[in-house]
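Trainee: I would like to learn how to read a model of this kind, feature by feature. Where should we start?

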There are 2 protein chains.
Amino acid sequence: MADGSSGAPAGPTPFFQRVMALVDELRLTESAPPDRRDRPVIEFRSPEELSQLLPLALGEPASDEAELLQLCRQVARYSVRTSDFRFRNQLYGGVDGYGLAGALLTECLNTNQHTFEVAPAFILCEATVLAHVRRLIGWSSGDGIFAAGGSMSNQYGLALARYHRHPQVKTSGLFGLRPMVLFTSEDAHYSVLKAAHWHGYGQENVVSVPTDECGRMRPEALSAAVERVLSEGREPLAVNATCGTTVLGAYDPLPAIADICQQHGLWLHVDACWGGAALLSRQWRHLMAGVERADSVAWNPHKMLGAPLQCSLFVTRHDGLLHQCNSAQATYLFQQDKFYDVSHDTGDKSIQCGRKVDGFKLWLMWKAHGDSGLESMVDTTFAAARYCADQVSRRDGFRPVLPPGSDAGQCANVSFWYVPAALRGQEETPEWWHRLSLVAPRVKEAMVRSGTLMVGYQPLPHKQAVNFFRLVFTAVPPLGRAEVDYMLDEIERLGRDL
Amino acid sequence: MADGSSGAPAGPTPFFQRVMALVDELRLTESAPPDRRDRPVIEFRSPEELSQLLPLALGEPASDEAELLQLCRQVARYSVRTSDFRFRNQLYGGVDGYGLAGALLTECLNTNQHTFEVAPAFILCEATVLAHVRRLIGWSSGDGIFAAGGSMSNQYGLALARYHRHPQVKTSGLFGLRPMVLFTSEDAHYSVLKAAHWHGYGQENVVSVPTDECGRMRPEALSAAVERVLSEGREPLAVNATCGTTVLGAYDPLPAIADICQQHGLWLHVDACWGGAALLSRQWRHLMAGVERADSVAWNPHKMLGAPLQCSLFVTRHDGLLHQCNSAQATYLFQQDKFYDVSHDTGDKSIQCGRKVDGFKLWLMWKAHGDSGLESMVDTTFAAARYCADQVSRRDGFRPVLPPGSDAGQCANVSFWYVPAALRGQEETPEWWHRLSLVAPRVKEAMVRSGTLMVGYQPLPHKQAVNFFRLVFTAVPPLGRAEVDYMLDEIERLGRDL
């Protein structure tokens, strides 16, 4: 189409509807059952190979619709099937069908979330779901916003922390002030470190608080770190506690951390991006006891719940602070002489200007599943993880990273080394651990090349710094014993003879 | 659905495909022609009314699919039809059909843009389109990333500027340093002001450089501002120049600004979020002459080009700097012992962790339209704006905000006051201007309530600080004289007798 037309009203079937037919034909949103081994989760090609396979170059001539459809088919073929249960590589997985419906409607309505004027229904849906989440946390008032992912949501927390203590930084900056310090655990997500750079603190002013053997922040270590920072003449500002660490799935002990924050007047931000779904479950919300004492919370329903990427929310119990902190009063967008109640315009609370409509997806999912349906999704997910952890503790060659019995306090992560037959029953010398560290990357390569499974691995400094697998469980598709058995069998099949 | 199922593999027609049928039935992605006055661009309800009409509350019971489809129908009904040509309210409009196809495929494949491992095809498409845009700018090397909107893209520029000059800020922060100052024009987007707060500069350290009567930064004023900042003992760091200001559509004079930056060693970031599409057109790229001298550029194809929201890119001519600036070396995501070339993993260049797949939409549009098709879209858009400006200068009651003949240098914005019959031919006292300032909001209310048009308005301090209309032109749907005449007629119809 070199005629500059939009494609939308052109033919009897708009091109985007033909792509949706392709989605249907290729079953891109579905998982194959464990006994179907003929449909790979990925058809892997190296970057060099894939660059040859895809006609990537742009310029001239334009492609016609048949060629474009073929391009889409190729892109789909070489993309990862994240909706297949075999995709266990990240903290997200398959997409909820109702959430997806919300995402597609959002795409077709192509608007911004910044004013009621351009997004009336979406603004109300966002406000409703944020209020519902605040109630789940235990707050009767407050504010919130959907952000472009968890790193951004955590940044909102840090921005509010500083504004709350030092509103003048908005005007005059950090220059000449004594260093302000953020505390986060050594197992926490790297977004705090990245944010510390952008926000002008510097990474030296992020204190990495030691964790226990399960990856939970040690409150006594936090307390000691705060005292040390004070004695150095630096200013403790905020604590980032984690509910569901990225690798081990640890829940930091919020009550003890909240006590320390209260004692020193520190802002408590809770990064519950991964583990926040526990709030939906009567069985698991005890893992987040104390969250109501936080000043702000980040949660990504696009992780465990299967909301479409991206779906990340930030909430705070402080009413009005988001606007005070972030507003710039642009008169061309947030006119105060509009004919409706402009308190519904959310844009000036945001660091973004245009903002994608993410809240509606979660709102529609919540309508579709209800509180109890979402609870059941979370419970099923945790149950699969617990079954997996139990299997890992029983199977030959599988060696849990966490101490026995500690799984009960973790999120839906299962961490383990796989020990090939040739390494079993030997003295665990540094050389032995070194050889073990090579196993996970080799098994990973084998599973990706065969397309039978995708599981993440990584080292952790306080876990021998030796690569281990991290199996993460998410709600879509629902995972049962058959799927878990498949995963462990597959790792065994690929790794046994290494 | 309270059973926790995902919806995807449930029935013969997954729910999200039923929603796509609804999109088709309601023709949500299409524009009605000017002679169809029966399909409003918005069916406006106040926040209070809409809260009554939509069953917003969440909890129990879950809704069945029939109810959910009805919800989607209601949300669509009360949403703005941004694909209708009557939506001229923001710097975006209708969505390109091929871009939309890319967005929908992206949603169904539900993955992150952070590693080749989870997004192999998307990673290559993003890299290709970024390199193509760099070539358009005139750079043979460099780097780039798609970001969550223009405000974020501008933040990337500011982050690189600081890191380039003071890499140690990444480690030790801004504390104890002398104030660093950013320069941007008084007509520039507020994102620099918001970023200055988050990045720790403070808004006092953003110098607002005066503009000329067309809204262009005055180079001599910039020069004087830099000297003044130096004399105050503050450190000039970076200049944010704008190609296509938000309200007037001004292009700052890049060659003169680049000279000043060169003289003082300042980073030059170009915010071309709105006006960057001119690069695609042989007829209009002269407006951006000098852009090749910038250190970094932000451009939002989701604005003029009609790429689906969000589609914003950041490019820099400095190879390697994005990674050095933003990396945090998270070992669980960016393992260096992978079996493929990890230089294709983009995630550690980003301030986000998960990042939405936005580049593919633009890549697919480019495949569909080719360079020449995109050029034609841009030319059609500018032509419509020029025709509108000409009409505004001729029609009774329409009064251009810009001086005669100045439109040739602007982006696709047309700014004007509409003067009702009762205000014409009178002495222009402060009281007269005050009465005029009430016209735009009243006309706006009338057009929104009748659903016949949506056009933005705002005051500007250096334009009498009196509300005027800003008609913006975008590529989808293509706009011709009939559409422009409709818009001006409608404003006249609603405003004449005020």
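Mentor: Start with how the copies meet. This is a predicted model. In it, 100% of the interface residues of chain A are also interface residues in chain B, so the copies meet through the same surface.

Trainee: What rotation and what shift along its axis superpose chain A on chain B?

Mentor: The general idea is that two copies of a chain are related by a rotation about an axis and a shift along it. Here chain A is brought onto chain B by a rotation of 180° with 0.0 Å of shift along the axis, and the RMSD is 0.0 Å. The two copies are therefore related as by a two-fold rotation axis.

Trainee: Which residues show me a contact across the two chains?

Mentor: Take A:P120, which touches B:I42, B:L50, B:Y78 and B:V80. A:P120 is part of helix α5 of chain A, residues 120-137.

Trainee: Is A:P120 buried or exposed?

Mentor: Buried means under 20% relative accessible area. A:P120 has 2%, so it counts as buried. Within its own chain, the C-alpha atom of A:P120 is 8.8 Å from that of A:H344, with the two positions 224 residues apart in sequence.

Trainee: How many helices and strands does chain A have?

Mentor: Chain A has 15 helices and 12 strands. For the overall dimensions, the C-alpha atoms of chain A fill a box of roughly 65 × 65 × 45 Å along the principal axes.

Trainee: What radius of gyration does chain A have, and what would a compact globule have?

Mentor: A compact globule with 498 residues would have a radius of gyration near 23 Å; chain A has 24 Å, which agrees. Buried residues make up 69% of the chain. Among contacts in chain A with a separation of 6 or more, 73% join residues 24 or more positions apart.

Trainee: What can I read from the surface and the charges of chain A?

Mentor: The accessible surface of chain A is about 15100 Å², and 50% of it belongs to carbon and sulfur atoms. Chain A carries 47 positive and 55 negative side chains, and the centres of these two sets lie 2 Å apart.

Trainee: How do I read the backbone angles?

Mentor: Most residues other than glycine have a negative phi, and most peptide bonds are trans. You look for the exceptions.

Trainee: Where is a cis peptide bond found in chain A?

Mentor: A cis peptide bond joins A:L309 and A:Q310, with omega about -10°. A:Q310 sits in the loop between β7 (296-299) and β8 (312-316) of chain A. In chain B, the bond from B:E60 to B:P61 is cis as well, with omega near -5°. B:P61 is in the loop between α2 (47-53) and α3 (65-77) of chain B.

Trainee: Which residue other than glycine has a positive phi in chain A?

Mentor: One case is A:R27, with phi near 50°. A:R27 lies in the loop between α1 (15-26) and α2 (47-53) of chain A, and its relative accessibility of 45% makes it partly exposed. Chain B offers B:Q464, which is not a glycine and has a positive phi of about 65°. B:Q464 belongs to the loop between β11 (454-458) and β12 (468-472) of chain B. With 46% relative accessibility, B:Q464 also counts as partly exposed.

Trainee: Is the loop residue B:D84 buried or exposed?

Mentor: B:D84 is buried, with a relative accessible area of 1%. Its place is the loop between α3 and β1 (87-88) of chain B. Leaving aside neighbours within four places in sequence, B:D84 is in contact with B:E30, B:S31, B:A32, B:R39 and B:V41.

Trainee: How should I compare separation along the chain with distance in space?

Mentor: Read the two values side by side. B:S372 lies in helix α12 of chain B, residues 359-394, and is partly exposed at 28% relative accessible area. B:S372 and B:F398 are 26 residues apart along the chain, and their C-alpha atoms are separated by 35 Å. For another pair, A:T13 and A:T184 are 171 residues apart along the chain, with 53 Å between their C-alpha atoms. A:T13 is in the segment before α1 of chain A and counts as partly exposed at 42% relative accessibility.

Terms used: Residues are numbered from 1 along each chain as its sequence is written. Chains are lettered from A and ligands numbered from 1 in the order in which they are written. This is a predicted model: local features need pLDDT of at least 70, side-chain atom pairs count only at pLDDT 80 or more; totals for chains, interfaces and linings use all residues. Side-chain values use heavy atoms; hydrogens and water are left out. Copies are superposed by least squares on the C-alpha atoms of residues with pLDDT of at least 70 in both. Contact means heavy atoms within 4.5 Å. Helices (H or I, at least four residues) and strands (E, at least two) are DSSP runs, numbered from the N terminus. The radius of gyration is taken over C-alpha atoms; the globule rule is 2.2 Å times the number of residues to the power 0.38. Buried means under 20% relative accessible area, exposed over 50%, partly exposed in between (1.4 Å probe, protein chains only). Accessible areas come from the Shrake-Rupley method with a 1.4 Å probe; for residues, only the protein chains shown count as cover. Lys and Arg count as positive and Asp and Glu as negative; His and the chain ends are not counted. The place of a charge is taken as NZ of Lys, CZ of Arg, CG of Asp or CD of Glu.
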